[in-house]
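Dear colleague,

Please find the structure below, handed over for your consideration. My findings follow directly after it.

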Amino acid sequence: MTVAAGVAPSVAPVPPVQRKLEDEPPRRTAVFQVRRLSKVYHMGEIEVHALREMDLDLYTSEFLVILGASGSGKSTLLNILGGLDVPTSGTVRFLDHELTNAGDAALTEFRRDHVGFVFQFYNLIPSLTALENVALVTDISRNPMKPADALDLVGLTDRANHFPAQLSGGEQQRVAIARAVAKRPDVLLCDEPTGALDYETGKLVLNAIDRVNRDLGTTTAVITHNAAIAAMADRVIRLASGRVSEDRRNARRASAEELSW
Amino acid sequence: MKALNRKLLRDLSRSKAQILSISAVVACGVASVIAMRSTLDSMQRSSDEYYASSRFPNVFASLRRAPERVAVRISEIDGVAAVETRVAVDALLHVPGLTESATGHFVSVPDDGEPLQSALYIRRGRFLTPRSDDEVLINEHFADANRLGPGDTLSAVINGRWRELVIVGVALSPEFVHDAIPSSGLGMFGDSKHSAILWMRRNALGPLYDMDGAFNDVTLLLTSGASEQQVIASLDEILKPYGGGHAYPRKDQLSNNIVSGEIEQLRVFGVAMPIIFLAVAAYLLNIVLSRLVATQREEIAALKAFGYSNSSIAAHFLGYPIAAVIIGSIGGIALGIWVGAKYTMLYTQFFRFPNLEHHTSPWLIVIGVVVSGAAAVVGALSGVRAAVSLPPAEGMRPPSPAVFKPLWMERLGLQGLLSPAMRMIMRNLERRPIRTLASVVGVALAAAILVVGTFGFDSAHYMADTQFTQVEHEDLTVSFGQPRPYRAAREVAHIAGVTRVESYRSTPVRIRAGHRSRQIVITGLERGSQLRRIIGRDGQRYALPASGLVLTSALGEILGVKAGDTVTLEILEKGSRVRREVVAGLADEILGLGGYMEIGALNSAIGEGRVVTGAYLTIAPGMEPSVVQRLSDLPGVSGSATRRAMLESFNKQIADSLRLTVEIVVSLACVVALGVIYNGIRIALSERSRELASLRVLGFTRREVASLLFGEQAAINVLGTPLGLVMGLGLAYWIAIGFKSELYRFPVVVMPRTYLFAATVILLAGVVAGAMMRRRIYNLDLVSVLKTRE
């Protein structure tokens, strides 16, 4: 049984690879290669080890859910993968880019060209309409979708000219997803995307993320403390104290509608 | 220390750049109150004391000639406490070391003893010996300008005869605190070098003008409670048969008029400037504190939840304006006293009191601090009120998201013109129209202050340009000091290197039109003169008429005459002939009150043949030094001056008198500009750091994010700068009209370079403020900003 249902040929940076058995490790290209990754924060005189010598690969078109309690290091991991933060030691490779020692300009370029972010609090620009929030990103991208198409993907065509203050939380988050995917990123990183939303709205948002992953084949990582979401993933890893404590594959990806928590 | 106070101190130290920039604006307000008012008080005090101690007269009158016994009748007027009669005449002076002739205003002092009114204060040297014949005292302005002092001599054409006079002392008089003799029209840039006041024993001066046992000038002291108007009416009645009838009160006395005009000017600026600065300070405190309260909603709610009272929360937030006022006051008091002392010192160059010392009253300091404190509290009020009225439960919830609307431009269907970044900027500006307007006005004020503070240079240079490039075309002016036959000019023409010679004849006259009169110099020019041109009001050159008089337009205005009118000339040389002349036209010369005639017409008016007092020359390139050398060897030549040197000295004089004001005004404007712009960006960053961090995460570079942030301020500057330039021009006109008198007339000329300067300073203030913010933008914490709700 194939795990990844469909990969949009126009987006895929690497050729799709046939998978045989679900228990056989996929021989696909690793988008991210994380090796012996450590991150130490200095909070005054205290050292906080957010990540401890972590190894992790993230594969093309994969839907990864990262679970963990607060303080487990999941946000730190996402921030480093997304080029928002740099590790204390260890290496991070994105395809053929070395992110480990990249400077601010290189990281900015990396985020601009390859990464789509979705955050817990949406982070839309309040002075721009939904469509303009998306256009803001497509304006600086190399090969973007039309902003209207991106909004269509998350089902918000009729809300395109509304300002954030005129949108519900779920709608704002879907705009944020549209904004993240409009540039056709190689990876979509979502940090607690449903954390600020109620149950029903949260499912709508998860559905949108799921659709992006299935329709566009965008490699997707979602961090959450909500274990129910893990059922949507190809692969689930659990972090504890800065290490990977569990790494498993789902036999079947559940749709967002099937989830309950 | 209480924990809440500790929080205040920490918050203050965290926003020290903001508090300091506001303190600087407060300091400007306090300093301008103290500087202006203390200078004013010092001037007022000095003049009050001086007028009282020197018995400055209450009423003045001049007349043609009256026998001394008339003084008895004057003393019988009800309300007159004392009468002093004098002889006052104008005469041509020849001053050693001065190329051009100067005019002297001679005032008699009693044969023995000192004047009973307008007592003279001897600055250097000694008083006149009783009944002395050739001794004079000269006023300090003239003494300083020509480096003259006791022991020096000068000569005067008194009633047509040259007399050698010995200077025995340098004196001050309450009638000549400012040395304005309205012959220059330059006011503060007065012509001290060419106009002297001289005091001479009456027994020496009187007979020269047929004033033995007679007088032509009288001053009165009145009893307290006397009616000035009635005394003047009675005095005019008495003096009318003697050519008088134009008595005037102290307030119209020229020097006093200028002194009180200057005091009035200080009073106006002493109110207007602090208002501007304190309004800006209040506005800045308003936005800073409102923002602070917005960011500390949760803290305020927590404090309330702990049971802190509204009054202690209000007091806590009032700590910010109070801190700004305390820091600002300390700087402002010091700056104000320093500037006041500087200003007072500058004034001593123009206003000669026996004692003009700068004094700052402690009350003034108290007033300055209290007024700025009040302004700061008013500015802070809405922020404090927001803190007090915040219900604790609501404070725990995040504020509702900002509501935006499409721009009016977009409603007009022009949205295609704007990029999303532009829209962000424009919508942010449109969302808070009042704050945007206040910021625009703040920037505009700074630009306006810059224009007003520096346009004086333009006006002066415009005047200089009109005079020295349009009117005057000679390279060098030769002066003979006294009338010489025409061949004297021909001799000059023979000097190698002299390419053109035009002779002139100048003479002092008193010109009258109706009851208005002025003493001026009339210059007779050769017909078809190329080197001295008469520029009409339309800026066009026109030919000197064969007969009649051309007056400078300033003089025409003062006398209330126009072309075709008739004026009376009292020739002050050669026995005071009186002539009536037709005004042939007005020349648009800004410098000076004066007149031109055809040289032959002038000589015949004086009753002389073909004589000249000097000549205008042009000189072949490179020959100037040798020509000057040859001229100094010619026996008849009393001096020569190059146009270039005169232009330089004029520019230097302008620069000296304006420099202090310009320096002060420009620094104050910079403080305002920087305060408004820095705080504007700072607040915008605080409000939008989350938005900007989001953009950084989305892949916007630091530069792109910074340009978004600065774009908003840039838009405000772009709106505010032209507005400020227009406001500055308006203010300049207002000042020019408000202070227009014959002594303070200046054209309002604002050259592009002044606008450019003002716009550049605003731009630089923006760049500096941006540089100050750079670190904060570069260090935007992407991770933590995204993790939290605002």
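R147(B) counts as exposed, because it has 9 C-beta neighbours inside 10 Å, and a residue with 12 or fewer falls in that class. Please bear in mind that this is a predicted model. R147(B) sits in the loop between α4 (140-145) and β7 (153-158) of chain B. Its phi is positive, at about 50°, although the residue is not a glycine.

A positive phi of about 45° is also found at R36(A), again not a glycine. R36(A) belongs to strand β1 (residues 30-43) of chain A. With 13 C-beta neighbours inside 10 Å, R36(A) counts as partly exposed.

Turning to the interface, 23 residues of chain A are in contact with 22 residues of chain B. On the chain A side, the elements that give two or more residues are α2 (104-114) and α3 (130-138). The largest share, four residues, comes from α3(A). By class, this side of chain A comprises 14 nonpolar, four polar and five charged residues.

As for the interior, the largest nonpolar core has 299 residues. Helix α19 (residues 643-697) of chain B provides the largest share of this core, 19 residues. The residues with the most contacts inside the core are A281(B), V672(B) and A673(B). Leaving aside neighbours within four places in sequence, A281(B) is in contact with I22(B), V25(B), V26(B) and G29(B), as well as with A375(B), A376(B) and G379(B).

With kind regards

How values were computed: Residues are numbered from 1 along each chain as its sequence is written. Chains are lettered from A and ligands numbered from 1 in the order in which they are written. This is a predicted model: local features need pLDDT of at least 70, side-chain atom pairs count only at pLDDT 80 or more; totals for chains, interfaces and linings use all residues. Two residues are in contact if their C-beta atoms, placed from the backbone, lie within 7 Å. Ala, Val, Leu, Ile, Met, Phe, Trp, Tyr, Cys and Pro count as nonpolar, Asp, Glu, Lys and Arg as charged, and the others, Gly among them, as polar. A nonpolar core is a set of buried Ala, Val, Leu, Ile, Met, Phe, Trp, Tyr and Cys residues joined through C-beta atoms within 7 Å. A residue is buried if 20 or more other C-beta atoms lie within 10 Å of its own, exposed if 12 or fewer, and partly exposed in between; C-beta atoms are placed from the backbone.
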